[in-house]
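I opened the model today to look up how its strands pair, what its core is made of, and how one threonine is placed. My notes follow in the order in which I looked.

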Amino acid sequence: NVNLTPYKPSGWDNKIILSTVTGTHTSASTIYDNQKIYLDWAAINNGTSDISQTFYTKLYVDGVLQNTYNTPGLKANYWAYYNDQTIGPLSAGTHTFKLVVDANNNVAETNENDNELSFTKTITATVNVNLTPYKPSGWDNKIILSTVTGTHTSASTIYDNQKIYLDWA
């Protein structure tokens, strides 16, 4: 009796981890479209017999095969894993990650219906904002202090009894 299935090891937050840093088993809460994704996965033989033959696990992103992993057998109640496969960056939007353990059906299992795991993750568009002081054409500086309205030239002298007009961009 052998059975292969995706597995969530102790200390992992899911059976598939999608993070933006290596060396973690915690999924990123937000992934931006300019970031690499580091994927971890695990599979267990939760049967009572050892698996002696090599089996293959396939990873798909949006239905496209990304990688095939080979595992040269697995003892009963042991698990195999893969850390930090680099994927992406991916475009903004929702993406589906699918892991298929024993994808080539090399192992005669007691349950062939629990080999697949699909996981959906939304990738957020990068917000490219860079606010900085700006000097428009025709202005003598980024900040204008003048004593009259309607100008973009700073006053050379300002007296303590004058109103000051401020322009900035």
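**Strand pairing.** I began with strand S7 (residues 93-100) and found that it runs antiparallel to S8, the two being joined by eight bridges. Within this part of the model, which is a predicted one, I noted that His95 stands opposite Lys121 in S8. I then followed the sheet outward and read an open arrangement of four antiparallel strands in the order S5-S4-S7-S8. Strand S5 (64-74) and strand S8 (116-123) are the edges, and because each has a single partner strand, one side of each is left without a neighbour in the sheet. Neighbouring strands of this sheet are turned by 15° against each other on average, direction ignored.

**Core.** Next I looked up the largest nonpolar core, which has 26 residues, and listed Leu18, Ile37, Leu39, Ile87 and Phe97 as those with the most contacts inside it. Among the strands that each supply at least two residues of this core I wrote down S2 (16-19), S3 (37-45) and S6 (79-87). For Ile87, leaving aside neighbours within four places in sequence, I recorded contacts with Lys36, Ile37, Leu39, Leu59, Val61 and Phe97.

**Thr5.** Is Thr5 buried or exposed? I count Thr5 as buried, because its relative accessibility is 10% and the cut-off for buried is under 20%. Thr5 is found in strand S1 (residues 4-6), and a polar atom of its side chain lies 2.7 Å from the backbone oxygen of Asp114. Not counting residues up to four places away in sequence, Thr5 also touches Ala42, Ala43, Ile44, Asn46 and Val101, as well as Asp114 itself.

Key. Residues are numbered from 1 along each chain as its sequence is written. This is a predicted model: local features need pLDDT of at least 70, side-chain atom pairs count only at pLDDT 80 or more; totals for chains, interfaces and linings use all residues. Side-chain values use heavy atoms; hydrogens and water are left out. Two strands pair if DSSP finds at least two bridges between them. Axes are lines fitted to C-alpha atoms, for helices over the stretch in contact, and angles run from 0 to 180 degrees between N-to-C directions. A nonpolar core is a set of buried Ala, Val, Leu, Ile, Met, Phe, Trp, Tyr and Cys residues joined through side-chain atoms within 4.5 Å. Buried means under 20% relative accessible area, exposed over 50%, partly exposed in between (1.4 Å probe, protein chains only). Contact means heavy atoms within 4.5 Å. A polar contact is a pair of N or O atoms within 3.5 Å; within protein, one must be able to donate a hydrogen and the other to accept it, and residues adjacent in sequence count only if both atoms are side-chain atoms.
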